[in-house]
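Work through these exercises with the model open beside you. Try each task before you read its solution.

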Amino acid sequence: MINYRKLILLLFITLIGCTPTPRILEEIQLVQSVGYDYLNDDEYIGVAGASYIPQGENAKPTNIVFTAVGKTSKQIRQRIQALSAKPIEIGRIGVVIFNKEVAADGILPFIDSLQRDPSIGRDILLTVSEESASEILKTKYIESETVSQYIIEVVDQNSDRTLPHTNLHRFLYQYYTKGFDAFMPMISKDENKLIVVGVALFDEDRFVGVVPLEDAYIFKILFEKSSKGQFETKGKEEEGYLSLQNLFSHTEYEVKKPGGRFEVHFTIKVKGRISESGGLDLTKKENVKKAEKEVEEEITQRAYNLVEKFKELQVDPLGLGEKARQKGIYDEKVWEEQYSELKVVIDTEVHVVQTGIME
């Protein structure tokens, strides 16, 4: 006969043994951001940003930065641990910063360490910095009490409007997928402000180039659906600047291989509202059509220029090779040989659905 009391007691003891040991917030040091700077061929400077909340009812958090030198991220973490009066916990990391020198040298060891740590979420932000990561994390910014949260908020709001979205999970997918190259936001510091300066492009795990901020939005609409952002173009003749608010856009791809040569056809579709008319009288339908055509030409030309930049750098952040693979026509060696001469056709369809208060 089963002794249910003993069974329940055994189950209770087992569950207690499997339950993680609770940690009291005041007794640990939560690291919220991590950065890496280049020191020499063998060593890196690791920087960990954290917040300390003093005792008291109205106490405000104070930024703390720990710095250590090591050959690997694990060694750096161990040495940072030795600097703290409290146990370091990294499960709350929200952003990782790679100085551009580190990124150019290759970041796979750091990425591999992040993906193997079960305490780190796959949605953390990865960034490349023009200045040292140490300088970025040690600056007291005017818009936020905590540096880590400020950096995350700046990158997040730019990703909503201007940059293609990415995080650790997406970076890993792009890195390990044949016919795809990864990217991440590039940031810089302007005195006591942080700014996003563009998108850092990677060839495998090495930083090789930048899409400047003024072209990042074209990258975004080529890469993903978007319902925010603004297009601007200088009107022809005596017109001023024409501005179109994006209400919805998406891009369709067709990858073909006629006669053994790869080619890609992009169809960019945009619905928008004109917020600046450039001097055009938009109560007239012919002027609305004219505005649509001018924006179409601007987007098409800028998209061509961007794709040409990707071809020159031999990177494929749009995943065109992956789309060829999905169609069953991808051959890695042939694709790499032909990519720099890839035939590209871009058609843009702009439809103005609103023209502002004049309607």
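**Exercise 1.** Decide whether S73 is buried or exposed.

*Solution.* Start with the cut-offs: buried means under 20% relative accessible area, exposed over 50%, and partly exposed in between (1.4 Å probe, protein chains only). S73 has a relative accessible area of 9%. Therefore S73 is buried. A word on the source: this is a predicted model, where local features need pLDDT of at least 70 and side-chain atom pairs count only at pLDDT 80 or more, while totals for chains, interfaces and linings use all residues. Residues are numbered from 1 along each chain as its sequence is written, and side-chain values use heavy atoms, with hydrogens and water left out.

**Exercise 2.** Place S73 in its element and find what it touches.

*Solution.* Helices (H or I, at least four residues) and strands (E, at least two) are DSSP runs, numbered from the N terminus. S73 belongs to helix α2, residues 73-81. Next, look for contacts, meaning heavy atoms within 4.5 Å. Skip neighbours within four places in sequence; S73 then contacts Y36, F110 and S113. The side chains of S73 and S113 also share a polar contact of 3.1 Å. Such a contact is a pair of N or O atoms within 3.5 Å; within protein, one must be able to donate a hydrogen and the other to accept it, and residues adjacent in sequence count only if both atoms are side-chain atoms.

**Exercise 3.** Classify Y173 by its accessibility.

*Solution.* Y173 lies in helix α7, residues 168-176. Its relative accessibility is 42%, so Y173 counts as partly exposed. Leaving out residues up to four places away in sequence, Y173 touches F180 and E322.

**Exercise 4.** Check the span of helix α6.

*Solution.* The expected span is 1.5 Å times one less than the number of residues. Helix α6 (residues 147-161) has 15 residues, so it should span 21 Å. Its end C-alpha atoms are 22 Å apart, which agrees. Among the buried residues of α6 are V147, Y150 and I151.

**Exercise 5.** Which helix gives the most to the largest nonpolar core?

*Solution.* A nonpolar core is a set of buried Ala, Val, Leu, Ile, Met, Phe, Trp, Tyr and Cys residues joined through side-chain atoms within 4.5 Å. The largest has 60 residues, and those with the most contacts inside it include F219, L222 and W335. Helix α9 (residues 285-313) gives the most to this core, with 8 residues. Another core, of 34 residues, lies apart from it, with V31 and I90 among its members.
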